[in-house]
Amino acid sequence: MHIARLTGLTLVGLALWPAVANANPCPEDARYATNGAGQAFCLFEDMTLPDANDVDAYCHWLDYGYIGFSWTETPATANYVCPDGSYKTDNGAGLGFCIFDDLGLPEAENLTPYCHYLEDGYIGYHWDMCPADARFTTNGAGLNFCLFEDVVLPDANDVEPYCHWLDYGYIGFSWTETPATANYTCPDGSYKTDNGAGLGFCIYGDLWLPPAEDLASYCHYLDDGYLGFSWTD
């Protein structure tokens, strides 16, 4: 699709998502990492724990924007200093806490605490890099993909990718609306909209995008029933 076809037009029902910055999605004191299997992590590492035998992860409130760990306060822990990026507090009943707060969590699939290695000096959280309806895969040479597959296209001879706005968090495809496409249903994970001037669209929107300088749409195989985006580690 040539952008000029949409000059001065607005997609009906398309949210105006802010531009997605390809920046570190983790807090300043956490490290961003991936596991090569489609998950991304924010990790607080090299933590020195308090001198207590009951140090325990405190990570079940991640949805509220914080994680940390706790311990029973004793004279041996009185001078303990929490790791960088966290602050020290207590519950008023003998438990001390180090809390990593205001995490700025990514709006991504399956956001989950990653706190079972606290004894090794690190905690954090992870999430799926691809949307729920997309598959993560690699080409074996460092290039990663999120792919929406088995896409059934509308019965139109001018279906085209609509993928030049990936940096704004969405991709999709378009076609000229006719009676033959009136009952077409967009694939799972996308929604149907139009530009008010005869073009229909299926939009995969509000995508979480990895912090990669070479992030690119991967839409030139739409005729084969798939599209998505790619990046290198």
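**Stop 1: Cys 130 and Cys 146**

Select Cys 130 and Cys 146 in this predicted model. The torsion about their S-S bond is about -90°, so this disulfide is left-handed. The sulfur atoms sit 1.9 Å apart. Now trace the chain on either side. Cys 130 lies in the loop between strand S8 (123-128) and strand S9 (135-138), and Cys 146 lies in strand S10 (residues 143-148), so the bond ties together parts 16 residues apart in sequence. Switch on a surface: both Cys 130 and Cys 146 are buried.

**Stop 2: Cys 26 and Cys 42**

Select Cys 26 and Cys 42 next. They are joined by a disulfide, S to S 2.0 Å. What is the handedness of the disulfide of Cys 26 and Cys 42? It is left-handed, because the torsion about the S-S bond is about -90°. The pair links distant parts of the chain, 16 residues apart. Cys 26 is in the segment before strand S1 (31-34), while Cys 42 is in strand S2 (residues 39-44). Cys 26 is buried, at 10% relative accessible area. Cys 42 is buried too, at 0%.

**Stop 3: the sheet around S2**

Keep Cys 42 selected and add Tyr 125. Tyr 125, in S8, is the bridge partner of Cys 42. Show S2 and S8 in full: 6 bridges join them, and they run antiparallel. Strands of a sheet pair through backbone hydrogen bonds, either parallel or antiparallel.

Now widen the selection to S1 and S7. The four strands form an open sheet in the order S1-S2-S8-S7, with antiparallel pairing. Which strands stand at the edges? S1 and S7 do; each has a single partner strand, so one side of each is left without a neighbour in the sheet. Look along the sheet to see its twist. Neighbouring strands are turned by 20° against each other on average, direction ignored.

**Stop 4: two positive phi angles**

Stay with S7 and pick Asn 110. Asn 110 lies in strand S7 (residues 109-114). Its phi is positive, about 55°, although Asn 110 is not a glycine.

Then move to Asp 46. Asp 46 is in the loop between S2 and strand S3 (56-58). Here phi is near 55°, again a positive value in a residue other than glycine. Is Asp 46 buried or exposed? Asp 46 is exposed, because its relative accessible area is 75%, and the cut-off for exposed is over 50%.

**Stop 5: Cys 186 and Cys 202**

Jump along the chain to Cys 186 and Cys 202. Their sulfur atoms are 2.0 Å apart, and they form a disulfide. The torsion about the S-S bond is about -90°, so this disulfide is left-handed. Cys 186 lies in the loop between S12 and strand S13 (191-194), and Cys 202 lies in strand S14 (residues 199-204), so the pair ties together parts 16 residues apart in sequence. Cys 186 is buried, with 12% relative accessible area. Cys 202 is buried, with 0%.

Now colour every disulfide. The structure holds 6 of them. How are the cysteines paired? Counting bonded cysteines along the chain, the pattern is 1-2, 3-6, 4-5, 7-8, 9-12, 10-11.

**Stop 6: Gly 172**

Leave Cys 202 on screen and select Gly 172. Cys 202 is among the residues that Gly 172 touches. The other contacts are Pro 161, Tyr 162, Cys 163, Ile 203, Tyr 204 and Leu 227, not counting residues up to four places away in sequence. Gly 172 is found in strand S12 (residues 171-176). Gly 172 is buried, with a relative accessible area of 0%. Draw a distance from Gly 172 to Phe 44. The two are 36 Å apart in space, C-alpha to C-alpha, and 128 residues apart in sequence.

**Stop 7: the nonpolar cores**

Finish inside. Select Ile 67, Phe 69, Phe 173 and Leu 227. These touch the most other members of the largest nonpolar core, which has 49 residues. The elements that give two or more residues to this core are S2, strand S4 (67-72), strand S6 (95-100), S8, S10, S12, S14 and strand S16 (227-232).

Last, select Tyr 162, Tyr 170, Leu 199 and Ile 203. They are among the 5 residues of another core, which lies apart from the largest one. Tyr 162 and Ile 203 are also among the contacts of Gly 172.

Notes
Residues numbered from 1 in each chain as written. Predicted model: local features only at pLDDT ≥ 70, side-chain atom pairs only at ≥ 80, totals over all residues. Heavy atoms only, no water. Buried < 20%, exposed > 50% of the residue type's maximum accessible area, 1.4 Å probe, protein only. Contact = heavy atoms within 4.5 Å. Disulfide = S-S within 2.5 Å. Core = buried A, V, L, I, M, F, W, Y, C linked by side-chain atoms within 4.5 Å. Pairing = 2+ DSSP bridges. Axes fitted to C-alpha atoms, helices over the stretch in contact; angles between N-to-C directions.
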